[in-house]
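Dear colleague,

I am handing over the structure we spoke about, and it is placed just below this note. Please have it open while you read, since what follows goes through it part by part.

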2 protein chains.
Amino acid sequence: MRSTVTDVGARRQATLGDVAAQASVSRATVSLVLRQSPLVAVSTRERVEEAIAAVGYVYNRGAARLRTGLSGTIGVIVPEITNPFYADLTAGIDETLDAAGRLAFLANSNESPQRQERFVRRVKEQGADGVILCAAVGTSPALIAQLRTWRLPCVQILRAVKGAEGDFVGPDFRAGIATVIRHFVARGHTRIALLPSSKQTSAAQDRVDAFASSMVEHGLAPGLVRACDAAPEAIAAEVGRLLEGSDPPTAFACHNDLMALDAAKEITRRGLKLGSAVSVIGFDDIPEASRAVPRLSSVATFPNTIGRRAANLLLRRIGSPSSTYERFLIEPQLIVRQT
Amino acid sequence: MRSTVTDVGARRQATLGDVAAQASVSRATVSLVLRQSPLVAVSTRERVEEAIAAVGYVYNRGAARLRTGLSGTIGVIVPEITNPFYADLTAGIDETLDAAGRLAFLANSNESPQRQERFVRRVKEQGADGVILCAAVGTSPALIAQLRTWRLPCVQILRAVKGAEGDFVGPDFRAGIATVIRHFVARGHTRIALLPSSKQTSAAQDRVDAFASSMVEHGLAPGLVRACDAAPEAIAAEVGRLLEGSDPPTAFACHNDLMALDAAKEITRRGLKLGSAVSVIGFDDIPEASRAVPRLSSVATFPNTIGRRAANLLLRRIGSPSSTYERFLIEPQLIVRQT
DNA sequence: AGCTTGTTTTGGATCGATCTAATCTGTTGG
DNA sequence: CCAACAGATTAGATCGATCCAAAACAAGCT
């Protein structure tokens, strides 16, 4: 009663109780107003809203979560935030969560399962409502099982942890490889090499599998598969070995654009003409691909879309934890440029 | 007493109380153990730790925060997460916070002050202990003032909001420009152009100011300053206009590497030889700079370091909110390559 | 007036931790 | 034997919201 707006100097943050006092209603009523309940009379609602503004009240979602069990937060764990692909992905997630009024914890596992485990635990401690996880190389299925016993909804993206099923969103790498091989064959290539990442992920394995069956499908001899570290020197060396071998390949399907760019560089350095003598295609269609000379052909994988889909799926799953798992494969698109 | 470890099927998450019951001690004691208090006897501590493992207890930081007022979280708001510079920065922040046992909310304002404001409010609602903010273009000083009245510590990075002082960490753009001009002059250039971003930020203004005083310092006529949108076409057009003008510049200092790469492309397209006839230098030293042909000279600005410094400063500020503001300018480094 | 019925409002318990001050235990010294 | 004290443990209040069941109020109908 006595307390008025002039108590601004007060060090303490305004709470529901302060608003209630200011508006001469009960705390319960203020709570109803905050949650847009249709129960409160319009006149009271207005009075309460004025009071909220007057005392400078800010909702304390942490306190609410204690009661409701819902925090309005999501954990996002990626293995390599500095990779432009993940940055795009993150932007897509961020956008969707923003629209849903939620906030994301972002953590960079840096491909370390230990660090990843630490993050998962912290995210759980903070009471996040769910997790979007791109599992680090070497992730144990036990981690996913852990999330399950915690009843913490989880959507895996890009890489599926072996031995742990669940919701999943990622590019259809198999379809992508199939398209690339079809393209190469149409152009007359018969000696084709695949350079998958040497990281042991489902994303790499998918490429290898699809490559093998595609080659068979087109009646070609099994192509050359050379798992390759992402370092520029490693790629140059591998490309060199292939080109110096007997019956060298004339087309290279690379794990991603960064690797493809380095491969292209080495091929050019050796005096071969890209686009005519030799073809190179990467994955992801990063901005650099179209800027390079010659402009790199690439399989676009739409990270932003994947991020949005994953976030939407997670939100749905949080709403209905019991329904059966979903699996979204985003159709990639071959962008033919000069290589 | 009756309840044993076998209640695993229970839907409810284990709480402090469950651990206490399991270990036959009080909740207060368990709490002390969790916080590594030296008060508890070693034998009890061990008993409690066993109980924690037995019931599968996970700390509820949200509940703790209600009492302590500390959440162990930090808000990070950047204007453009897909820019590799910010990705690196984020990685630096993430690393530092990880070491400090904290978790970051990451939000992408996308240069929208409205969105940024929404995020700031959400971060506050979630009870974050502090904020690292790279202010969107057009941010009002009122936002910083708001944070201040909320007593939410804030470290600004890269761009300082005009009219709002506070803690700051960013590259020393002035020093960077000075180095570039010195380098150009040493190479014999006298007609120099500056292409700052057309975004109205302190980061752009710093470059403009430093450019002007550098030119004077070397006894040169004021150079050409052309604020420029980041779109490749806009840059090509601007570079074209400059080159076709009377007495065209022979050296270009660009706002960042992405712009510099596009400028370089246009210069090459016009048949001018980069590195001899014309020089181009960008900022940030993104990976693409060293991969481009010709290899782009650039001013490295060390985003990862900036991220770490900012995070460390924020952690210190959370520890002692009242001490005076600090301002860290990270010395950039000119990397001379082929342009 | 008394009785429904429907709409608003509310007191008090509750979520899961921490904090404070008090209690309990065991030891030591007078 | 008791007072004093240090060390270890605890009961109960508390943080700021939500939930529930009950109360207050208003309007309409006998």
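**How the two chains are related**

In this predicted model, chain A is superposed on chain B by a rotation of 180° with 0.1 Å of shift along its axis, and the RMSD is 0.1 Å. The two copies are thus related as by a two-fold rotation axis. If you want a place in chain A from which to find that axis, look at Phe105(A), whose C-alpha is the nearest to it in that chain, at 2.1 Å. As for the surface through which the copies meet, 100% of the interface residues of chain A are also interface residues in chain B, so the copies use the same surface.

**A helix contact between the chains**

One contact between the chains involves helix 5 of chain A (residues 84-99) and helix 6 of chain B (residues 113-125), whose axes come within 12 Å and cross at roughly 75°. Because angles from 65 to 115 degrees count as roughly perpendicular, these two helices, helix 5 of chain A and helix 6 of chain B, are described as roughly perpendicular to each other. On the side of helix 5 of chain A the residues are Asp94(A), Glu95(A) and Asp98(A), and they meet Arg115(B), Arg118(B), Phe119(B) and Arg122(B) in helix 6 of chain B. By residue class, this contact of helix 5 of chain A with helix 6 of chain B divides into one nonpolar, no polar and six charged.

**The sheet in chain A**

Turning to chain A, six strands form an open sheet in the order 7-6-8-9-10-12, and the pairing is mixed. Its edge strands, each of which pairs on one side only, are strand 7 (224-225) and strand 12 (333-335) of chain A. Strand 12 of chain A runs antiparallel to strand 10 (residues 297-300) of chain A, and three bridges join them; within this pair, Ser298(A) has Ile335(A) in strand 12 as its bridge partner. Helix 8 (residues 173-186) of chain A packs on the sheet, where it touches strands 6, 8, 9, 10 and 12 of chain A, and its direction makes about 165° with that of strand 9. Helix 11 (residues 257-269) of chain A lies across strands 6, 8, 9 and 10 of chain A, and it runs at about 160° to strand 9.

**The sheet and two helices in chain B**

In chain B there is an open sheet of six strands with mixed pairing, in the order 7-6-8-9-10-12. Strand 6 (residues 192-195) and strand 7 of chain B pair in the parallel sense over two bridges, and Leu194(B) stands opposite Val225(B) in strand 7. Helix 9 of chain B packs on this sheet, touching strand 6, strand 7 and strand 9 (279-283) of chain B, with its direction at about 170° to that of strand 6.

Helix 9 of chain B (residues 202-217) also packs against helix 8 of chain B (residues 173-186), at an angle of about 40° and with their axes 8 Å apart. Helix 8 and helix 9 of chain B are therefore oblique to each other, and their crossing is right-handed. The residues that meet there include Phe173(B), Ile177(B) and Ile181(B) in helix 8, and Ala210(B), Phe211(B) and Met215(B) in helix 9 of chain B. The residues of this contact of helix 8 with helix 9 of chain B divide into eight nonpolar, one polar and four charged.

With best wishes

Notes:
Residues are numbered from 1 along each chain as its sequence is written. Chains are lettered from A and ligands numbered from 1 in the order in which they are written. This is a predicted model: local features need pLDDT of at least 70, side-chain atom pairs count only at pLDDT 80 or more; totals for chains, interfaces and linings use all residues. Side-chain values use heavy atoms; hydrogens and water are left out. Axes are lines fitted to C-alpha atoms, for helices over the stretch in contact, and angles run from 0 to 180 degrees between N-to-C directions. Helices (H or I, at least four residues) and strands (E, at least two) are DSSP runs, numbered from the N terminus. Angles under 35 degrees count as roughly parallel, over 145 as roughly antiparallel, 65 to 115 as roughly perpendicular and the rest as oblique. A crossing is left-handed if the near helix is turned anticlockwise from the far one by less than a right angle, and right-handed if clockwise. Contact means heavy atoms within 4.5 Å. Ala, Val, Leu, Ile, Met, Phe, Trp, Tyr, Cys and Pro count as nonpolar, Asp, Glu, Lys and Arg as charged, and the others, Gly among them, as polar. Copies are superposed by least squares on the C-alpha atoms of residues with pLDDT of at least 70 in both. Two strands pair if DSSP finds at least two bridges between them.
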